[in-house]
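Colleague: I would like to learn how to read a model like this one, feature by feature. Could you take me through it?

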Amino acid sequence: MPSHTRVEGSDPVTLQKTETADRSVRVDWNSYASAYDLLSEHNPEYQALLHDFEAFLSTIEKPRLIYDIGGGTGNYTKIAARDCPGSEIRFMEPDTGMIGMAKSKLAAHGNIRFDTLALEDIVATGTADLVICVHALYTMPTPEERLFDLRRLLRPGGWLYLIDLGRHMDVADWRNYLFSSLRQQLGLAGALRIFWQGREIAKQNQNILEAQKTGDYWTHTEAEVATAATAAGFEIVRKQSVYRGYSDLLVCRAMA
Ligand SMILES: C[S@@+](CC[C@H](N)C(=O)[O-])C[C@H]1O[C@@H](n2cnc3c(N)ncnc32)[C@H](O)[C@@H]1O
């Protein structure tokens, strides 16, 4: 049974305990956690997504309440906390390894509340101005329904910044790409060192592919995720293929 905590504060966020099988069993996010940032720091495509998010944040009115759903090791919340110090941020991450990394990384910021709730266990209050959900939706049970959960967290007109892996994870293609960019950045010895230290990532990427093939993880085209977002009550403001064509980025507004 996953451990759950309750967010304290004026908006009641309550818990619906579900007895559904833990779908993250296939991909061990906990083992992923320690190697995650090591490779993310050296992955230009991951860094490009962080830059896009920061640029997006600078274009909108400062959000009062932000949720980061499936926030992992906290890289998006780190940007939000730095650029929006007046915002209240709710960091939702069910994996204890990932949230542990996030807590130590974000310890200096006083405006973040951490919670181990999965998205489907949050009873939404409809007050958020911005919801961030990056590379997490595809791992969730019935992702099209989860888009309704994301919608329910937002006030009408609130923003959803969504990135989702849609295509099959070609492990060899990513390994070659990462190795050649690491080699350019650090030379051969440096690339080999980081690859060895981050070897857990290759294993978990293989698990992601397996889960995609069995249908446990959602795969989609850009059009399919856009259709699902529209059906869930979002107006799509920007849509873009990102992450070397593997993922889709949607910037959306919650319709009234
Ligand atoms: C690939 S990581 C992405 C982390 C972060 N958003 C980033 O882009 O760096 C996916 C995360 O989704 C989380 N996750 C899996 N199922 C979830 C659910 N049902 N609700 C919320 N988060 C979930 C996992 O624990 C994992 O940390």
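Modeller: Gladly. Let us begin with the naming of elements: helices and strands are DSSP runs, numbered from the N terminus. With that in hand, Tyr 243 can be placed in the loop between S6 and strand S7 (247-254). Please keep in mind that this is a predicted model.

Colleague: What is the phi of Tyr 243, and is Tyr 243 buried or exposed?

Modeller: Its phi is positive, about 55 degrees, although Tyr 243 is not a glycine. For burial, the cut-off is under 20% relative accessible area. Tyr 243 has 13% relative accessibility, so it counts as buried.

Colleague: Which loop holds His 135, and what is its phi?

Modeller: His 135 belongs to the loop between strand S4 (128-134) and helix H5 (143-153). It is not a glycine, yet it has a positive phi of about 50 degrees. With a relative accessible area of 15%, His 135 is buried.

Colleague: Let us turn to the ligand. How many residues surround it, and which are the closest?

Modeller: The ligand is surrounded by 20 residues, and the closest are Tyr 36, Tyr 46, Glu 93, Glu 120 and Val 134. By character, the shell divides into 11 nonpolar, six polar and three charged residues.

Colleague: Which polar atoms of the protein should I look at there?

Modeller: Start with Glu 93, where a polar side-chain atom lies 2.5 Å from an oxygen atom of the ligand. Glu 120 also uses a polar side-chain atom, which lies 2.9 Å from a nitrogen atom of the ligand. Gly 70 takes part through its backbone: one of its polar backbone atoms is 2.9 Å from a ligand nitrogen. As for cover, the ligand taken alone exposes 600 Å², and the protein buries 97% of that.

Colleague: Now the aromatic rings. How is a pair of them described?

Modeller: The description of an aromatic pair rests on the distance of the centres and the angle of the planes. This structure holds 13 aromatic pairs. Take Phe 56 and Tyr 161: their ring centres are 5.1 Å apart and their planes stand at 35 degrees, so the pair is tilted.

Colleague: Where in the chain do Phe 56 and Tyr 161 lie?

Modeller: Phe 56 is in helix H2 (residues 44-59) and Tyr 161 in strand S5 (residues 154-165). They are 105 residues apart, and the pair links distant parts of the chain. Both Phe 56 and Tyr 161 are buried. They also belong to one aromatic cluster, formed with Tyr 36, Tyr 46, Phe 53, Tyr 76 and Trp 159.

Colleague: And which charged residues sit over rings?

Modeller: Arg 199 lies over the face of Trp 196, at 3.8 Å from the ring centre. Arg 244 has its charged end over the ring of Trp 174, 4.7 Å from the centre.

Colleague: What does the side chain of Ser 87 reach?

Modeller: The side chain of Ser 87 reaches the backbone oxygen of Pro 63 at 2.5 Å. Ser 87 itself lies in the loop between helix H3 (75-83) and strand S2 (88-92), and at 2% relative accessibility it counts as buried.

Colleague: One last residue: where is Phe 234 placed, and how far is it from Val 251?

Modeller: Phe 234 is in strand S6 (residues 234-242). Its relative accessible area is 1%, so Phe 234 is buried. Phe 234 and Val 251 are 17 residues apart in sequence, and their C-alpha atoms are 9.4 Å apart in space.

Terms used:
Residues numbered from 1 in each chain as written. Predicted model: local features only at pLDDT ≥ 70, side-chain atom pairs only at ≥ 80, totals over all residues. Heavy atoms only, no water. Near = heavy atom within 4 Å. Polar contact = N/O pair within 3.5 Å; in protein donor to acceptor, adjacent residues only side chain to side chain. Areas by Shrake-Rupley, 256 points an atom, 1.4 Å probe, with all protein chains shown as cover. Nonpolar A, V, L, I, M, F, W, Y, C, P; charged D, E, K, R; others polar. Phe/Tyr/Trp six-rings, centres within 6.5 Å; stacked < 30°, edge-to-face > 60°. Helix = DSSP H or I, 4+ residues; strand = E, 2+ residues; numbered from the N terminus. Buried < 20%, exposed > 50% of the residue type's maximum accessible area, 1.4 Å probe, protein only. Lys NZ or Arg CZ within 6 Å of the ring centre and 35° of its normal.
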